[in-house]
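Open the model in your viewer and get ready to click along. Each stop tells you what to select and what you will find there.

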Amino acid sequence: PYRIAVFASGQGSNFQTLIDASHKGILGAEIVLLVCNKPEAPVVERARRAGIDCFLFERKAYSRREDYEAEIAAELERRGVDLIVLAGYMLLLTPVLVDAYQGRMINIHPSLLPSFPGKDAIGQAWSYGVKVTGVTVHLVDGGMDTGPVIAQKIVEIEQADTIEALEEKIRAAEHDLYPQVVNWFAEGRIRIDGRKITIS
Ligand code: GAR
């Protein structure tokens with residue numbers, strides 16, 4: 001089967017949707033590893049409940065990002081991981097992983113890129129006062145949320161919305177989109193031609 005590793009640092013609601021989709025048989029992929037830099041994060045408990053192996057580490061235990069990434073790379077290699085799925089992974093990546101998994105690493109971001117890259121994208125969109133925002137799934141390259149776009153989903157901000165309501169809508173859009181995109185990869189339907197990504 002197609003094998004994925006999920007990298008996450010926090011709540012893990014996207015990770016949970018991927019687990020649920022895999023249990024329902026609609027992901028077309030097996031989640032073989034959770035990589036997490038916050039051993040106390042709720043996402044770790046979700047992995048335990050689902051019987052998914054974890055690679056846990058703390059940033060401060062290493063002087064260079066390259067050092068823990070080399071350990072992660074070895075772990076991914078050993079498990080034959082086909083695709084890295086970033087789901088709220090809050091550490092920057094180095095070429096150790098980015099280059100090794102070029103075209104095989106995806107991220108989900110809570111805005112319509114290239115608007116509002118970086119941290120707190122929902123807060124940025126809210127403060128800016130946009131009427132339309134959304135979520136983006138993209139390939140990971142060396143930059144901050146700059147990789148080629150694979151799929152986007154629109155979320156409208158309505159008059160009555162609070163920022164909490166917006167966060168909820170964004171999360172729902174992510175949960176809709178991410179398992180779908182992983183399934184496209186698993187089924188070999190993604191073609192990459194520079195920044196042009198097509199789904200067959
Ligand atoms: C998601 O909204 C994801 O798009 C965002 O973190 C959240 C994680 O939620 N990622 C980023 O902002 C990356 N820059 P989750 O832990 O409940 O899946």
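## First stop: around helix H5

Start with helix H5, whose buried residues are covered by a set of elements that includes strand E5, strand E6 and helix H6 (163–186). Keep in mind as you look that this is a predicted model.

Now select residues 121–128 to highlight H5 itself, and colour Ala121, Ile122, Gly123 and Ala125: these residues are buried. Buried here means under 20% relative accessible area. Then step past the end of the helix to Gly129, which follows H5 and has a positive phi, near 85°.

## Second stop: strand E6 and its partners

Next, select residues 132–139, which form strand E6. How many of the eight residues of E6 are buried? Seven are, so the strand is largely enclosed by the rest of the structure.

Add strand E5, residues 105–109. E5 and E6 run antiparallel to one another and pair over four bridges. To see one of these pairings, pick Asn107 and look across to His138, its bridge partner in E6.

Now add strand E7, residues 149–156. E7 also pairs with E6 in the antiparallel sense, this time over seven bridges. Click Val135 and you will find Lys153 of E7 standing opposite.

## Third stop: His109

Go back to strand E5 and select His109, which lies in that strand. The UniProt record, an unreviewed entry, carries the annotation "active site" for this residue. Is His109 buried or exposed? His109 has a relative accessible area of 4%, and the cut-off for buried is under 20%, so His109 counts as buried.

Show the residues that His109 touches, leaving out those up to four places away in sequence. Some will be familiar from earlier stops: Ala121, Val135 and His138 are among them. Others to display include Phe116, Pro117, Gly118, Asp145 and Glu174.

## Last stop: the whole chain

Finally, zoom out. The chain has six helices and nine strands, and its C-alpha atoms fill a box of roughly 50 × 40 × 35 Å along the principal axes. For 200 residues, a compact globule would have a radius of gyration near 16 Å, and the chain agrees with its 16 Å.

Colour the chain by burial, and buried residues make up 48% of the 200. If you switch to a surface view, the chain exposes about 10000 Å², with carbon and sulfur atoms supplying 49% of that area. Among contacts between residues at least 6 apart in sequence, 62% join residues at least 24 apart.

Key. Residues numbered from 1 in each chain as written. Predicted model: local features only at pLDDT ≥ 70, side-chain atom pairs only at ≥ 80, totals over all residues. Heavy atoms only, no water. Buried < 20%, exposed > 50% of the residue type's maximum accessible area, 1.4 Å probe, protein only. Helix = DSSP H or I, 4+ residues; strand = E, 2+ residues; numbered from the N terminus. Pairing = 2+ DSSP bridges. UniProt positions renumbered as here; feature names shortened; annotations may be inferred. Contact = heavy atoms within 4.5 Å. Rg over C-alpha atoms; globule rule 2.2 N^0.38 Å. Areas by Shrake-Rupley, 256 points an atom, 1.4 Å probe, with all protein chains shown as cover.
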